[in-house]
Every structure is written in C-alpha cells, then in structure tokens.
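Hi,

Here is the structure I promised to send over. Have a look at it first, and then read on for my notes.

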Amino acid sequence: MERDEEAIPVLRVADAATAAAWYERLGFAKQWEHRFEPGFPTFVEIARGEVKLFLSEHTGDARPDTLVYLSVRDVDAVAAEFGAAVTSAPWAREVELRDPDGNRLRVGTPVE
C-alpha cells in the first residue's frame, strides 16, 4: 500500500507528557512515543484527525518558539477552551495560543 506524502512539524518540548496533555485540549491524541532507553528524551506523535505533530524532548530537533498554523472548523470552540479572544483577518478568524514550552499555535477558521 502506497502512503500519502505529508509534512509533520516537530515542536521542542521540555516534558512530552505535559505537552501532550496540553494538546489534548486542542483535540489531539497521543499516537505513540519512543525513548531509546529509560531516562533518555522522549519523542511523541500526536494527531487530530489527519493532522499530526511530533513533540520532541531532544534538544537538537527543533527550536523553541516555533509557529504552527492549524486550520480548524470551529475556532470559537478552541478559543472558549483556552479563554482566548478571536481576532478577524481577511483570510480567517483566528486565535493565537502558546503551549507550555512557548511554541506558538495560530488556530484559524477560514473566512468563506
């Protein structure tokens, strides 16, 4: 079976379990995790439908303060979950969030 191609952003996190729990509030669920040995950094895949993110405790995998854009059907539900204000842009209604490690997520519902 041939797999579709995709790009999966890697976000640097200090604690993958804490980060995965925060992303659950956005509708992501942990798919799997890998650690070379006990006590080594953890690498986790989370998914929300077909959207995937990698969360990595490995210091060389990604820079802190990364920005990821997430297009969703209902930005108002996301904003309500996080107590954040929605802003309007010509292309979408959006909310900007920061995960526990300072990574930025701009979450938007496209304007039709």
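Below is what turned up in the sheet, the helix across it and the core.

One thing up front: this is a predicted model.

Let's start with the sheet. It is open, has 4 strands in the order 5-8-7-6, and its pairing is mixed. Strand 5 (67-71) and strand 6 (87-88) sit at the edges with a single partner strand each, so one side of each has no neighbour in the sheet.

Going along from strand 6, a hairpin of 3 residues leads into strand 7. These two run antiparallel and are joined by 2 bridges, with strand 7 covering residues 92-98. Threonine 87 is the one facing glutamate 94 in strand 7.

Strand 7 then makes another hairpin, this time with strand 8 and with 5 residues in between; glycine 102 in that turn has a positive phi of about 90°. Strand 7 and strand 8 are antiparallel too, with 7 bridges joining them. Here glutamate 96 is opposite arginine 106 in strand 8.

Helix 2 (residues 75-82) lies across strand 7 and strand 8 (104-110), at about 30° to strand 7. Valine 78 is worth a click: beyond its neighbours within four places in sequence, it contacts Leu26, Val72, Val95, Leu97 and Val107.

That takes us to the largest nonpolar core, which has 24 residues; Tyr23, Leu26, Ile46, Leu55, Val78, Leu97 and Val107 touch the most other members. Elements giving two or more residues to this core include helix 1 (16-24), strand 3 (43-48) and strand 4 (51-56). Helix 1 provides the largest share, 5 residues.

Cheers

Conventions. Residues are numbered from 1 along each chain as its sequence is written. This is a predicted model: local features need pLDDT of at least 70, side-chain atom pairs count only at pLDDT 80 or more; totals for chains, interfaces and linings use all residues. Side-chain values use heavy atoms; hydrogens and water are left out. Two strands pair if DSSP finds at least two bridges between them. Contact means heavy atoms within 4.5 Å. Axes are lines fitted to C-alpha atoms, for helices over the stretch in contact, and angles run from 0 to 180 degrees between N-to-C directions. A nonpolar core is a set of buried Ala, Val, Leu, Ile, Met, Phe, Trp, Tyr and Cys residues joined through side-chain atoms within 4.5 Å. Buried means under 20% relative accessible area, exposed over 50%, partly exposed in between (1.4 Å probe, protein chains only).
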